[in-house]
Amino acid sequence: MRIDVLTLFPEMFESPLAGSILKRAREAGVVDIVLTNIRDFATDNYKKVDDKPYGGGAGMVMMAGPVFDCFEYVEKLADEKGRVVLLSPQGQRFDQRKAAELSEEKRLILISGRYEGFDERIRTGLGAEQISIGDYVLSGGELAAMVIVDAVVRLLAGALGDEDSAKDDSFSDGLLEYPQYTRPEVFRGMKVPDILLSGDHGKIAAWRREQALERTKKQRPDLLK
Ligand code: 9D3
């Protein structure tokens, strides 16, 4: 997969991309992630990429020109057309299903914004879909883009060391994970449940299922509906 990210803050992506799974996936050639700075496509001497909203109101709006020029430059860097995603509080909520869907694509082009939003002609003109990562206010689209990159890339074949771990994740079966323990058997007086030490794999699987259900009911009843 190739992922292009258009952003005013490419340096924000450095640490996340240097982390273990994303780093390994890139080194293994599972994914190619290319960052392009929208500001490089500003046309005036001040490198201006935002302007006041027509009709008035607070804040600034991302100008169509620099984003369009940046997009058209990036689009030509590879043959594949790509699915265009605008990170926006107005978008559809990102979830594991959307991550799985995006992981099927050959190319993603993610556009993160700053300021109060994008000139509407960016969305309509580029035919972009909008994605939000949740109902809270971020300072910009960069962290949202990183969340999407991380969630998508770990689903790509060869990205994880253990091929089975992605499909075992919470949400993949619609339930939260069961409680996990590792050594020591007793920690500060708190003991590992006997059943996990019993060696009875049938009973262990049943216990885990029951715990997962119990937890989901208590913590996230919305997932059971
Ligand atoms: C006053 C209205 N605000 C919308 C809720 C303005 C506004 C705030 C923050 C507009 C853009 C932003 C920056 N956020 C994003 O670009 C963003 C975002 C988010 O804030 N929450 C969840 N997902 C996303 S994806 C992009």
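A polar contact here is a pair of N or O atoms within 3.5 Å, a cut-off worth keeping in mind for the first view of this predicted model.

**View 1. Polar contacts between the protein and the ligand.** Start at Ser132, where a polar side-chain atom lies 3.4 Å from a nitrogen atom of the ligand; that pair counts as a polar contact because the limit is 3.5 Å. Tyr136 takes part through its backbone: an N or O atom there lies 2.8 Å from a nitrogen atom of the ligand. Leu138 also uses a backbone N or O atom, placed 2.8 Å from an oxygen atom of the ligand. How much of the ligand does the protein bury? Taken alone, the ligand exposes 570 Å², and 75% of that is buried by the protein.

**View 2. The shell around the ligand.** Have a look at the wider surroundings: the ligand sits in the largest pocket, with 15 residues around it. The closest are Glu116, Ile133, Gly134, Tyr136 and Leu138. Sorted by class, the shell holds nine nonpolar, five polar and one charged residues. Which strand gives the most to this shell? It is β5, with three residues. Strands β5 (83-93) and β7 (129-132) each supply at least two residues of the shell.

**View 3. Met1 and its contacts.** Here we move to the start of the chain, where Met1 lies in the segment before β1 (2-7). Met1 and Glu104 are 103 residues apart in sequence, yet their C-alpha atoms are 8.7 Å apart in space. Leaving aside residues up to four places away in sequence, Met1 touches Val30, Val31 and Asp32, along with Leu102, Ser103, Glu105, Lys106 and Leu108, and also Val152 and Leu156.

**View 4. A cis peptide bond at Pro184.** Follow the backbone from Arg183 to Pro184 and you will find a cis peptide bond, with omega near 5°. Pro184 is placed in the loop between α7 (165-168) and β8 (186-187).

**View 5. Backbone geometry at Lys47.** The last stop is the loop between β2 (32-37) and β3 (50-51), which contains Lys47. What is the value of phi at Lys47? Phi is near 60°, a positive value in a residue other than glycine.

Definitions and conventions. Residues are numbered from 1 along each chain as its sequence is written. This is a predicted model: local features need pLDDT of at least 70, side-chain atom pairs count only at pLDDT 80 or more; totals for chains, interfaces and linings use all residues. Side-chain values use heavy atoms; hydrogens and water are left out. A residue is near a molecule or strand if one of its heavy atoms lies within 4 Å of it. A polar contact is a pair of N or O atoms within 3.5 Å; within protein, one must be able to donate a hydrogen and the other to accept it, and residues adjacent in sequence count only if both atoms are side-chain atoms. Accessible areas come from the Shrake-Rupley method with a 1.4 Å probe; for residues, only the protein chains shown count as cover. On a 1 Å grid over the protein atoms alone, a cavity is a set of points where a 1.4 Å probe fits but cannot get out, and a pocket is an open set with protein on both sides within 12 Å along at least five of seven lines; lining residues have an atom within 4 Å of a point. A molecule sits in a cavity or pocket if more than half of its atoms lie within 2 Å of its grid points. Helices (H or I, at least four residues) and strands (E, at least two) are DSSP runs, numbered from the N terminus. Ala, Val, Leu, Ile, Met, Phe, Trp, Tyr, Cys and Pro count as nonpolar, Asp, Glu, Lys and Arg as charged, and the others, Gly among them, as polar. Contact means heavy atoms within 4.5 Å.
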